[in-house]
Amino acid sequence: MLMSLVRTAESVCAGHPDKLADQIADQILDDILFEDKAARVAVEVMAAGRRIIVTGEITTDHRPRIRESVRTALAKAGYSPLGFLIYVWTRRQSGDISAGVSTSLEARGGDSSAFALQGAGDQGTVYGYATSETPERLPLPLVLAHRICRRLDTARVDGTIAGIKPDGKAQVSVRYDDTGTPIAVEAVVVSVQHEAGKDLAVLEREVRSLIVAPACRPYLPVDGDTEVLVNPSGRFVAGGPRADTGLTGRKLMVDTYGGLAPHGGGAFSGKDPSKVDRSAAYMARLIARTIVDAGLAAECQVAISYAIGKADPVAFSVDTLGTGEYADPILTQAARDVFALRPAGIIDALALRTPRYRDLAFYGHMGREQTWRYERDLLKAVDTHAHRTATHH
């Protein structure tokens with residue numbers, strides 16, 4: 001008898017209260033970086049009822065226009081800024097943290113090599129993951145959930161479905177065969193905020209035919225065996241922050257791999273790239289995806305660990321989960337040769353001082369990388385280390 005398993009992931013619409021908080025935080029970051037690329041930013045946002053609360057640490061030579069940034073993000077997410085009161089409590093970054101980031105442990109020890117000056121903005125481990133099961137190199141349940149939420153938001157904006165509002169979420173369960181190949185969409189759950197007068201039966205038909213079926217079709221069909229639930233709780237009129245408090249960093253699985261790969265626990269939104277729980281997570285993902293894109297593995301997990309104030313990671317590993325064309329130590333050594341792992345090197349390689357973060361704050365931060373410029377160098381480095389290993393033995 002063939003064995004199979006079901007994997008599930010969720011995504012949320014741009015107007016979900018937690019994602020609204022993330023977008024506000026990253027809009028604030030973008031607007032500050034536009035004026036001052038060297039700024040240090042770590043802001044947290046709470047959206048509760050009619051109130052938006054912004055707090056955290058900001059160090060910049062320019063005066064940030066935080067309330068203006070909040071209003072911009074609210075409007076982009078589908079909310080009227082006039083309906084909210086905005087409270088701001090921010091301060092400058094701790095001098096102790098700033099000193100460690102500005103002058104790394106290595107630099108204090110006399111290291112003047114490339115990118116040695118800047119230390120990591122925090123300690124911890126970040127993870128990157130990639131799988132060959134989708135062109136995006138992300139788990140299929142997460143890809144489908146993102147596609148459903150994107151289509152819901154588009155349908156609201158362009159009027160394809162009348163009477164829906166910004167808040168919403170989707171969850172997709174996919175069945176895999178014993179080889180790990182996706183074979184069926186097992187279940188789809190969609191909840192979308194709507195106007196009080198919206199006919200729920202009509203809404204269900206519209207979501208099934210205009211959202212769920214076309215979102216899944218390029219990958220797997222939604223057929224009679226697929227359980228599709230639309231607003232299973234019934235009415236969803238009260239939504240957004242007036243119904244549920246939103247906080248930055250509360251949708252980490254949506255931001256990354258849908259809970260189908262490890263996560264270090266650090267949030268992304270509202271943090272400038274000196275915070276390695278953001279910037280190094282992007283690099284770890286790039287490394288994992290490059291390994292899969294280059295045909296070196298069908299699945300890959302990368303882990304990078306940092307100490308606050310230290311430029312070089314304290315640990316780095318590549319795990320191909322048994323799918324690698326070469327031994328994991330060879331891929332680990334090759335990746336060290338090709339990819340920047342010091343914080344300043346990551347920021348330079350990925351141009352992370354460019355203000356573009358608000359657009360990453362929904363439908364996932366991963367899946368938008370371009371790996372082609374690294375693949376050739378990585379393959380060459382792998383050949384070199386594989387030859388050295390063979391010669392040594």
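A strand is a DSSP run of E with at least two residues, numbered from the N terminus. The structure treated in these exercises is a predicted model.

**Exercise 1. Determine which strands contribute to the lining of the second largest pocket, and describe that pocket.**

Solution.
Step 1. Begin with the strands: β1 (5–12) and β5 (124–131) each supply at least two residues of the lining.
Step 2. Turn to the space itself, which amounts to about 310 Å³ in the second largest pocket.
Step 3. Locate the centre: 18 residues line this pocket, and Arg-7, Thr-131, Glu-133, Gly-180 and Glu-299 are the closest to its centre.
Step 4. Sort the lining of the second largest pocket by class, which yields seven nonpolar, six polar and five charged residues.

**Exercise 2. Characterise the largest pocket by its volume, its lining and the helices that supply it.**

Solution.
Step 1. The volume of the largest pocket is about 400 Å³.
Step 2. Its lining comprises 17 residues, and those nearest the centre are Leu-350, Arg-356, Arg-368, Glu-369 and Gln-370.
Step 3. Three helices, α8 (276–293), α10 (343–350) and α11 (372–392), each provide at least two lining residues.
Step 4. By class, the lining of the largest pocket holds 10 nonpolar, two polar and five charged residues.

**Exercise 3. Identify the residues with the most contacts inside the largest nonpolar core, and examine the surroundings of Val-302.**

Solution.
Step 1. The largest nonpolar core contains 71 residues, and Ile-24, Ile-52, Val-70, Ile-287 and Val-302 have the most contacts inside it.
Step 2. Helix α8 gives the most to this core, namely 11 residues.
Step 3. Leaving aside residues up to four places away in sequence, Val-302 touches Val-126, Tyr-127, Gly-128, Ala-284, Ile-287, Ala-288, Phe-316, Ser-317 and Val-318.
Step 4. A second core, separate from the first, has 31 residues, including Ala-14, Leu-152, Val-188 and Cys-216.

**Exercise 4. Explain why the chain is as compact as a globular protein of its length.**

Solution.
Step 1. Take stock of the secondary structure, which consists of 11 helices and 11 strands.
Step 2. The radius of gyration of the chain is 22 Å, and the globule rule gives 21 Å for 393 residues; these values are close, so the chain is as compact as a globular protein of that length.
Step 3. For the dimensions along the principal axes, the C-alpha atoms fill a box of roughly 70 × 65 × 30 Å.
Step 4. Burial is assessed next: 52% of the 393 residues count as buried, with buried meaning under 20% relative accessible area.
Step 5. Finally, among contacts with a separation of 6 or more, 74% involve residues 24 or more positions apart.

Conventions: Residues numbered from 1 in each chain as written. Predicted model: local features only at pLDDT ≥ 70, side-chain atom pairs only at ≥ 80, totals over all residues. Heavy atoms only, no water. 1 Å grid on protein atoms, 1.4 Å probe; cavity = no way out; pocket = protein on both sides within 12 Å on 5 of 7 lines; lining within 4 Å. Points joined across faces, edges and corners; volume = space filled by probe spheres on them. Helix = DSSP H or I, 4+ residues; strand = E, 2+ residues; numbered from the N terminus. Nonpolar A, V, L, I, M, F, W, Y, C, P; charged D, E, K, R; others polar. Core = buried A, V, L, I, M, F, W, Y, C linked by side-chain atoms within 4.5 Å. Buried < 20%, exposed > 50% of the residue type's maximum accessible area, 1.4 Å probe, protein only. Contact = heavy atoms within 4.5 Å. Rg over C-alpha atoms; globule rule 2.2 N^0.38 Å.
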